[in-house]
Each structure stands twice: as C-alpha cells, then as structure tokens.
Amino acid sequence: MTDNAIERRLGDALRESDATIAVTESCTGGLVGSLLTDVPGSSDYFDRSLVTYSSRAKRALLAVSRESLDAHGAVSEPVAREMARGARDTADATWGLATTGIAGPDGGTDEKPVGTVYIGVAHAGEWGTGESTSRVEHYVFDGTRTEVKEKIARRALTAVFEALDDREQEAT
C-alpha cells in the first residue's frame, strides 16, 4: 500500500476529524472493510463491517425496508441509502458506507447491467441539529468480477473521503 492509497488517506482524515466509520457491503463481500483494516491503527476509526449479501440480511441487520426491496430491488438507490443509514445508526458511527451492486459475470439485466453499483454514504450530524445526511452514487464498472469489486471498493472509500472533505470545507 502506498502512502497515497485511498484507504490510508481516508483513515488519516477520519482520525484527524475524530470520526468513526461502519461499513455494510453486498457486492464487495468484505473488501471495503479489508482495505480499511490494511491500514495500521485503523481501530482508531473503524467500527465494523457487515456483509449483508442477501435481502434477508439487509432487512435483519440494517432495517432496510421490505417496501424498498420490493419496489426497487436490492441493487438500487433507495436500498443503498437505507443500508448506509443502517450501518451508521446501528454502529452509532459518524459515517456509514454501503455498497450494493452486480459484480458479475452473471446477474445483469438491460436495466442493471453487470458492473452496476450504488454506493451509499451517510453522515451523522449532532443530535437535534437536523444535520444528518445521506447520498448515493451510481456507477457501472467494466472488468472481471475481481476487477469490478476492486473498483467499487476503492470508489466507495473515495466517496466517503470526498464527503468528509466537503463537510470540512463547509465548516470553514
């Protein structure tokens, strides 16, 4: 890992802001959590990683609504948002991060081709401020299953890094 690797830069930013992160992964199967824990001292900011591969796991561990799963499917913006919020809230972390997608090589459709991913990022504002937020990014990545998972995991870490940077810029 280089000094400029996203997992190291995100870890430094989380540590500097005294923030914590919890992750829930579907299509990446634990890769995001693995990247985060590759950084020595990650226990300063990394709380947990859940692999919620099935819809049942998303409902049971994150309280993703049956309505969102029924109406939009597990690979969707609403489900990614609920997953990120659920990771943040069940861990009582500053940041929640979620990945849900289709890594391939099978499982894609015309609407949701292989490589489709939704990355959810949720931030916990101070209680009573109404400043808790969440956002979702949508991508379609090319490559083998392993390459797609790697691209998703690194983009997910980058999404949190950018969100954290945006919040810091707003505060100044």
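1. Let's start with D166, which is partly exposed at a relative accessible area of 32%. For the wording here, buried is under 20% relative accessible area, exposed is over 50%, and partly exposed lies in between, with a 1.4 Å probe and protein chains only. D166 makes a salt bridge with R135, and their closest N and O atoms are 3.3 Å apart. That pair ties together distant parts of the chain: D166 sits in helix α6 (residues 145–171) and R135 in strand β5 (residues 133–140), 31 residues apart. R135 is partly exposed too, with a relative accessible area of 33%.

2. A quick word on what you're looking at. This is a predicted model, where local features need pLDDT of at least 70 and side-chain atom pairs count only at pLDDT 80 or more, while totals for chains, interfaces and linings use all residues. Residues are numbered from 1 along each chain as its sequence is written, and side-chain values use heavy atoms, with hydrogens and water left out. Helices (H or I, at least four residues) and strands (E, at least two) are DSSP runs, numbered from the N terminus.

3. How many salt bridges does a search of the whole structure find? There are 10, counting a side-chain nitrogen of Lys or Arg within 4 Å of a carboxyl oxygen of Asp or Glu. One of them joins R155 and E162, at 2.8 Å from N to O. R155 is buried, with a relative accessible area of 16%, whereas E162 is partly exposed at 32%. Elsewhere, E7, E150 and R154 form one network through salt bridges that share partners.

4. Helix α5 (residues 77–91) holds both ends of another bridge, with E77 and R81 four residues apart, about one turn of the helix. Their side chains meet at 2.4 Å, N to O. An α-helix has 3.6 residues a turn, so residues three or four places apart point the same way. E77 is partly exposed at 29% relative accessibility, and R81 is partly exposed at 21%.

5. Staying with α5, its length checks out: 15 residues at 1.5 Å a residue should span 21 Å, and the end C-alpha atoms are indeed 21 Å apart. (The expected span is 1.5 Å times one less than the number of residues.) Buried residues in α5 include P78, V79, M83 and A87. At the start of α5, a side-chain oxygen of S76 comes to within 3.4 Å of the backbone nitrogen of V79. After the helix comes D92, with a positive phi near 55 degrees.

6. Now for α3 (residues 55–62), where A57, K58 and L62 are buried. Seen down the axis of α3, these buried residues fall within an arc of 100 degrees, so they line one face of the helix; the arc is that of the directions from the helix axis to the C-beta atoms. R56 and A60, on the other side, are exposed. The cover over the buried residues of α3 includes β1 (21–25), β2 (46–51), α4 (66–72), α5 and β3 (95–101), where contact means heavy atoms within 4.5 Å.

7. Finally, have a look at β3. Seven of its seven residues are buried, with W95, L97, T99 and G101 on one side and G96, A98 and T100 on the other. Five bridges pair β3 with β1 in the parallel sense, and A98 is the bridge partner of T24. Seven bridges join β3 to the antiparallel strand β4 (residues 116–123), where V117 partners G101. Strands count as paired if DSSP finds at least two bridges between them.

Note on methods. Polar contact = N/O pair within 3.5 Å; in protein donor to acceptor, adjacent residues only side chain to side chain.
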